[in-house]
Amino acid sequence: MKMLTKEYWENRYNNQEIGWDVGEITTPLKTYIDQLENKHLKILIPGGGNSYEMEYLHQKGFENVFVIDIAKQPLENIKNRIGTLADDFFINDDFFNLKDTFDLIIEQTFFCALDPILRSKYASKMNDLLSENGKIIGLLFQFPLTEKGPPFGGNISEYKNLFEPFFKIKTLETAYNSIKPRENNELFFIFEKK
């Protein structure tokens with residue numbers, strides 16, 4: 001298996017080897033964000049990459065949105081696109097080092113990029129990072145988990161086993177509005193902190 005280190009991800013961005021990056025927010029996340037009314041939510045986008053989600057939230061008037069990524073380049077890309085946010089909102093660190101709490105965490109191609117041996121640690125850390133009544137929402141890939149990746153896949157029963165100890169599973173179903181290249185390969189989910 002590849003060593004998914006800071007250097008690995010920096011090289012991927014520097015060499016424009018970012019096939020997961022579609023250049024805009026994807027439909028399932030846009031649809032979810034469009035129905036959010038509380039603009040004061042404290043939101044985290046982990047492993048955010050170029051984070052079109054952060055840009056979209058900012059455009060919609062959300063002012064308390066943080067993005068963390070182990071690679072520095074994508075954070076610089078977001079800053080250059082948005083231009084008006086303080087550096088505090090951009091965290092260049094390992095997600096597992098983060099100590100804070102959030103009302104909402106948005107998952108978009110971070111979970112699938114982690115070495116699968118970190119999945120239970122991810123679920124536990126997500127729970128720790130959420131405030132009382134906090135939620136994690138987003139997309140998980142549904143295709144067989146193999147050693148070939150990232151991205152790494154999985155299925156509904158694996159994800160239920162992984163997340164149910166920490167979360168109430170409100171929604172976990174095939175996304176009806178995925179972008180064409182990901183059609184039928186994404187699960188949209190909403191998990192509430194237990």
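How many of the six residues of β4 are buried? The exercises below concern a predicted model, and the first of them takes up this question.

**Exercise 1. Determine the burial of strand β4 and describe its pairing partners.**

Solution.

Step 1. Apply the burial cut-off, which is a relative accessible area under 20%. Five of the six residues of β4 are buried, so the strand is largely enclosed by the rest of the structure.

Step 2. Examine the pairing with β5. Strand β4 covers residues 102-107 and strand β5 residues 130-141; the two run parallel and are joined by five bridges. Among the bridge partners, Phe-102 is matched with Leu-130 of β5, and Ile-105 with Ile-136 of β5.

Step 3. Examine the pairing with β1. Here two bridges connect β1 and β4, again in the parallel sense. Ile-43 stands opposite Leu-104 of β4.

Step 4. Consider the connection from β4 to β5. Together with α5, these two strands make a β-α-β unit that is right-handed.

**Exercise 2. Place β4 within the sheet and identify helices that pack on that sheet.**

Solution.

Step 1. Establish the strand order. The sheet is open, has seven strands and mixed pairing, and follows the order β3-β2-β1-β4-β5-β7-β6.

Step 2. Locate the edges. These are β3 (90-92) and β6 (167-174), each of which pairs on one side only. On average, neighbouring strands of the sheet are turned by 15° against each other, with direction ignored.

Step 3. Add the helices. Helix α2 lies across β4, β5 and β7 (186-193), and its direction is at about 150° to β5. Helix α5 (residues 119-129) packs on the sheet as well, with contacts to β1 (43-46), β4, β5, β6 and β7. The direction of α5 makes about 140° with that of β5.

Step 4. Set this in the context of the whole chain. The secondary structure comprises six helices and seven strands, arranged from the N terminus as α-α-β-α-β-α-β-β-α-β-α-β-β.

**Exercise 3. Analyse selected salt bridges by their position in the chain and the accessibility of their residues.**

Solution.

Step 1. Note the total: the structure holds eight salt bridges.

Step 2. Take a pair within one helix. Asp-34 and Lys-30 form a salt bridge with an N to O distance of 3.3 Å. The two residues are four apart in helix α2 (residues 27-34), which means that about one helical turn separates them. Asp-34 is partly exposed at 34% relative accessibility, and Lys-30 is partly exposed at 33%.

Step 3. Take a pair that bridges two helices. In the salt bridge of Glu-55 with Arg-81, the closest N and O atoms are 2.7 Å apart. This pair links distant parts of the chain, since Glu-55 belongs to helix α3 (residues 52-59) and Arg-81 to helix α4 (residues 72-82), 26 residues apart. Glu-55, at 18% relative accessibility, counts as buried, whereas Arg-81, at 31%, counts as partly exposed.

Step 4. Take the pair Glu-183 and Lys-180, whose side chains meet in a salt bridge at 3.4 Å, N to O. Glu-183 is partly exposed, with a relative accessible area of 39%, while Lys-180 is exposed at 65%.

Step 5. Look for shared partners. Lys-30, Asp-34 and Lys-60 are joined into one network by salt bridges with partners in common.

**Exercise 4. Describe the surroundings of Glu-173 and relate them to chain-wide values.**

Solution.

Step 1. Assign the element: Glu-173 is part of strand β6, an edge strand of the sheet.

Step 2. Classify its accessibility. With a relative accessible area of 46%, Glu-173 is partly exposed.

Step 3. List the contacts. Apart from neighbours within four places in sequence, Glu-173 is in contact with Glu-186, Leu-187 and Phe-188. The C-alpha atom of Glu-173 is separated by 9.8 Å from that of Gln-142, a residue 31 positions apart along the chain.

Step 4. Turn to the whole chain. Of its contacts between residues at least 6 apart in sequence, 68% join residues at least 24 apart. Of the 194 residues, 52% are buried. The chain exposes about 9,600 Å², and carbon and sulfur atoms supply 48% of this area.

Technical notes. Residues numbered from 1 in each chain as written. Predicted model: local features only at pLDDT ≥ 70, side-chain atom pairs only at ≥ 80, totals over all residues. Heavy atoms only, no water. Salt bridge = Lys/Arg side-chain N within 4 Å of Asp/Glu carboxyl O. Buried < 20%, exposed > 50% of the residue type's maximum accessible area, 1.4 Å probe, protein only. Pairing = 2+ DSSP bridges. Axes fitted to C-alpha atoms, helices over the stretch in contact; angles between N-to-C directions. Contact = heavy atoms within 4.5 Å. Right-handed = clockwise from strand over helix to strand, strands pointing away. Areas by Shrake-Rupley, 256 points an atom, 1.4 Å probe, with all protein chains shown as cover.
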